[in-house]
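Welcome, and please have your viewer ready. We will take a short walk from pocket to core, one selection at a time.

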Amino acid sequence: MKPNTTRAAVEQAYPGLVAAAEAAMARAHAPHSHFRVGAVLLFDDGRGERFVPGCNVESDVYGLTICAERNALFSAVAQGRGYPLALAVIADTDEPVAPCGACRQWLHECDVERRLRVFLLTRRSDAVRECGTDDLLPEAFALDAQARAARNPWR
């Protein structure tokens, strides 16, 4: 990961990405953990809004809770979006928060071309960590790695 990336550099490269992630975080439903996370995927596919947001949504049954990253991914797939350019994940933490294991697996599976830029942010500082999905989940599990392109979820 590149720990020296700044919020200003992310905003310059991807205008509106950080603000969209913060807006998604504001919509989080976290009545149990009070740990609100926002995620947003950036698209330049000409198929509607540039940003597809996601937020964590908790259930009384914790196994039914969904993370912000998967919420955004599933929504984008349901919309038939093209390949995303970037993902921003933000929480109100001292350090940038990384996706859970399940989200890392989904991100790895959806990033078949290994070109998605991932930016991990915090609202409490300018700290940003930049990485790719291989950085998040090295040696990821795949049923059939050679058939990966055929499983591309992006339309």
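A pocket here is an open set of grid points where a 1.4 Å probe fits, with protein on both sides within 12 Å along at least five of seven lines. Its volume is the space filled by probe spheres set on the points. Keep in mind that this is a predicted model.

**Stop 1: the second largest pocket.** Select Trp106, Glu109, Cys110, Phe141, Ala142, Leu143, Arg151 and Pro153, which line the second largest pocket. About 150 Å³ of space lies there. How does its lining divide into nonpolar, polar and charged residues? You will find six nonpolar, no polar and two charged.

**Stop 2: the largest pocket.** Now select Phe35, Val37, Asn56, Cys67 and Glu69: of the 15 residues that line the largest pocket, these are the closest to its centre. The space in this pocket comes to about 190 Å³. Its lining has 10 nonpolar residues, three polar and two charged.

**Stop 3: strand 2.** Keep Val37 selected and extend the selection over strand 2, residues 37-42. Is this strand mostly covered or uncovered? Mostly covered: six of its six residues are buried. Turn the view to look at each face. Val37, Ala39 and Leu41 are buried on one side, while Gly38, Val40 and Leu42 are buried on the other.

**Stop 4: the neighbouring strands.** Add strand 4, residues 86-91. Strand 2 and strand 4 run antiparallel and are joined by six bridges; within this pairing, Leu41 has Leu87 as its bridge partner. Next add strand 3, residues 51-55, which is antiparallel to strand 2 and joined to it by five bridges. Here the bridge partner of Gly38 is Cys55.

**Stop 5: around Leu41.** Centre the view on Leu41. Leaving out residues up to four places away in sequence, its contacts include Phe51 and Val52, Ala72, Leu73 and Ala76, and also Leu87 and Trp154.

**Stop 6: the largest nonpolar core.** Select Leu41, Leu87, Val89, Val118 and Trp154, the residues with the most contacts inside this core of 23 residues. Then show the elements that give two or more residues to it: strand 2, helix 3 (68-78), strand 4, helix 4 (101-110) and strand 5 (117-122). Which element gives the largest share? Helix 3 does, with four residues.

**Last stop: a second core.** Finish by selecting Leu17, Ala86, Ala88 and Val128, which are among the 15 residues of a second, separate core.

Conventions
Residues are numbered from 1 along each chain as its sequence is written. This is a predicted model: local features need pLDDT of at least 70, side-chain atom pairs count only at pLDDT 80 or more; totals for chains, interfaces and linings use all residues. Side-chain values use heavy atoms; hydrogens and water are left out. A nonpolar core is a set of buried Ala, Val, Leu, Ile, Met, Phe, Trp, Tyr and Cys residues joined through side-chain atoms within 4.5 Å. Buried means under 20% relative accessible area, exposed over 50%, partly exposed in between (1.4 Å probe, protein chains only). Contact means heavy atoms within 4.5 Å. Two strands pair if DSSP finds at least two bridges between them. On a 1 Å grid over the protein atoms alone, a cavity is a set of points where a 1.4 Å probe fits but cannot get out, and a pocket is an open set with protein on both sides within 12 Å along at least five of seven lines; lining residues have an atom within 4 Å of a point. Ala, Val, Leu, Ile, Met, Phe, Trp, Tyr, Cys and Pro count as nonpolar, Asp, Glu, Lys and Arg as charged, and the others, Gly among them, as polar.
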